[in-house]
Every structure is written in C-alpha cells, then in structure tokens.
Amino acid sequence: MHGHRSEDCRQLREEVARLFNEGHLREFLSDRAKNHFRERDAGRKSEPEEPQHVIHMIIGEVDVPQGPVFKRTKVSITREKRTQNYLPEDALTFSEEDIEALSQPQNDVLVIYIHLNKVQVKHVLMDPGSSANIIRSRVVEQLGLLDLIILTSRFLNGFNMASETTKGEIVLPINVAGTIQDTKFHVIEGDMRYNALLGRPWKHSIRAVPSTLHQMMKFPTKDGVKTIYGEQHAAKEMFAVHDSAPM
C-alpha cells in the first residue's frame, strides 16, 4: 500500500526487534542468533539489580555553586588499547612503593603544612569531605591580618548537623610547592585540632588529588606534577585516641 515490501518496513522491523528483546519469537531465529541472545541474557543476569528503593538526604552546605543540574544515570565501561606501562605525562598516579616508607599500621588523615603571607603554617588538615576552607582566628592574628577579615556570620554544619558560627571571611594566598592560589577562608574562634582546614574549594581550584592511604597529595602544574607529602607524625598527635579505663 505504501510502495515497499513488508521486510523493508521500518516500523515492522522495530516491532519484531522489540519482541525478540522481550524473549518472543526466538523459535524463528537461526542457531547463531539464538546463541547471541543466550549470551546476552546471561550477561544481563550478572549485572547488579536495580535498587528497589532510594533514600534521599538533604544536607546544607556553604557556597553551593548555582547553575544547571545534570542528572547522570548511564554507567559505561570502556577499555582502551594502550601499550604496556604507558602513562600520560600529566597523569596523577600512586604506587605501592609510596606506602612502604609509612609507619604501619596507619589509618591517618592527611595533614600538611602551607605558607601563608611568607609564614609556614603547620597542622593543616586536607578534608575532601568539607565544602569550606576554615582557619582559626588565632592563626590570622599571628599572621597580623585581622584587619583583612570581612565580618560576616555563616553557619558551618558538621556531618551530624552540629553548627559552628563563623567570625568572618578572609582571602589569603596559599603557597604550596611554589604554587600560589588566592583562597577564601571562613574564620572561626575557639580551639581545633588543626590550624586550618582545606576543603573541596581549594582542592578543586588546583586540581589536587589527595590520598590518605599513601599520605600524599598530587596536583598538575605547567612544570609537571607536584607532590606534597603528609606529616604522618603530626596526624597521629592530632588525632590520638586514648584508651579510657572501664567504669
């Protein structure tokens, strides 16, 4: 009626393909096609099942970037053919040799030192789980930069939603291995185990990849990959766990 044969009908082919994919009409396939569908169905059985329920949680953060939100649901695995031991020049890699020099066993956080205003500041915690960079007001005082603090109050929420009110904000140039990056800190009063905390904003700005397992952090520069080693002894002192006597 439309001027083409039934086997050339696109809508018919799509409908037949749908029936094949749903397990129908398999008796009309060739032996080769039947084997293809058996292998495909066996592969689908080995894939993880879809979750029956989804649990959503909403956690407030500081400086959440505004913009379009993209939902990613497709998961794909690609295998590239490369020559053995090939690595790009700017690849950030970690090896088992990096662990050999560490004090074991270890479950330490990554603690480094940085330079602020030509002053070395030790006991700086690398925390990729934090959405804010934090510094103690006492450190800013010792730097002689209290007058640069912009007075503003924010609520910083911990993992259990416990809040800490900030004293203000300050922008400081962080110098790490010769790489200088102006960084906004939230200033808080009171005592902490660390002098400053570097979260995702700073880490993403220099494209750094920290590893607590290897106790080091690497980031790319125009001169090559820079490596910052953690101060494991300082981490153990800051987060020492003392056994308490039983009641």
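The legends below accompany a set of close-up views of a predicted model.

**View 1. The whole chain, to get your bearings.**
Welcome to the overview of this predicted protein chain. Its secondary structure consists of six helices and twelve strands. The chain has 247 residues, and 27% of them are buried. Its accessible surface is about 19100 Å², and carbon and sulfur atoms account for 51% of that area. Take the contacts between residues at least 6 apart in sequence: 58% of these join residues at least 24 apart. The whole structure also holds four salt bridges, and three of the later views each show one of them.

**View 2. Helix H1 and the glycine that comes after.**
Here you can follow helix H1, which covers residues 10–21 and has twelve residues. From the first C-alpha to the last, H1 reaches 16 Å, close to the 16 Å expected at 1.5 Å a residue. As a reading aid for any such helix, an α-helix has 3.6 residues a turn, so residues three or four places apart point the same way. Glycine 23 follows H1 and has a positive phi, near 95 degrees.

**View 3. Glutamine 106 and its neighbours.**
This view centres on glutamine 106, found in the loop between helix H3 (97–100) and strand E1 (110–116). Glutamine 106 has a relative accessible area of 16%, so this residue counts as buried. Its side chain reaches the backbone oxygen of threonine 212 at 3.2 Å. Leaving aside residues up to four places away in sequence, glutamine 106 touches Thr212, Leu213, Gln215, Gln232 and Lys236.

**View 4. The hairpin of strands E1 and E2.**
Strands E1 and E2 pair here in the antiparallel sense, with six bridges between them. To trace the pairing, look for leucine 116, which stands opposite valine 119 in E2. Histidine 115 can be matched in a similar way, with glutamine 120 in E2 as its bridge partner. Two residues lie between the strands of this hairpin, and asparagine 117 takes a positive phi near 55 degrees. Because five of the seven residues of E1 are buried, strand E1 is largely enclosed by the rest of the structure.

**View 5. Further partners for strands E1 and E2.**
Strand E1 also pairs with E7, in the antiparallel sense and over two bridges. Histidine 115 is a handy landmark, since its bridge partner in E7 is asparagine 175. Strand E2, for its part, runs parallel to E9, and three bridges join the two. There, valine 124 has alanine 196 of E9 as its bridge partner.

**View 6. The salt bridge of glutamate 231 and lysine 122.**
In this view glutamate 231 and lysine 122 form a salt bridge, and their closest N and O atoms are 2.8 Å apart. The pair links distant parts of the chain, 109 residues apart. Glutamate 231 sits in the loop between strand E12 (224–229) and helix H6 (232–238), whereas lysine 122 belongs to strand E2 (residues 119–126). With 10% relative accessibility, glutamate 231 counts as buried; lysine 122, at 35%, counts as partly exposed. In general, side chains of opposite charge can pair when their charged atoms come close.

**View 7. The salt bridge of glutamate 169 and arginine 154.**
The side chains of glutamate 169 and arginine 154 meet in a salt bridge, at 4.0 Å from N to O. Glutamate 169 is part of strand E7 (residues 168–176) and arginine 154 is in the loop between strand E4 (150–151) and strand E5 (155–157), so the pair ties together parts 15 residues apart in sequence. Glutamate 169 counts as buried, at 13% relative accessibility. Arginine 154 is partly exposed, with a relative accessible area of 29%.

**View 8. The salt bridge of lysine 167 and glutamate 189.**
The last view shows lysine 167 forming a salt bridge with glutamate 189, with 3.6 Å between the closest N and O atoms. Lysine 167 is in the loop between strand E6 (163–165) and E7, and glutamate 189 is in the loop between strand E8 (179–188) and strand E9 (196–198), so this pair ties together parts 22 residues apart in sequence. Lysine 167 counts as partly exposed at 32% relative accessibility, and glutamate 189 counts as partly exposed at 47%.

Key. Residues numbered from 1 in each chain as written. Predicted model: local features only at pLDDT ≥ 70, side-chain atom pairs only at ≥ 80, totals over all residues. Heavy atoms only, no water. Helix = DSSP H or I, 4+ residues; strand = E, 2+ residues; numbered from the N terminus. Buried < 20%, exposed > 50% of the residue type's maximum accessible area, 1.4 Å probe, protein only. Contact = heavy atoms within 4.5 Å. Areas by Shrake-Rupley, 256 points an atom, 1.4 Å probe, with all protein chains shown as cover. Polar contact = N/O pair within 3.5 Å; in protein donor to acceptor, adjacent residues only side chain to side chain. Pairing = 2+ DSSP bridges. Expected span 1.5 Å × (residues − 1).
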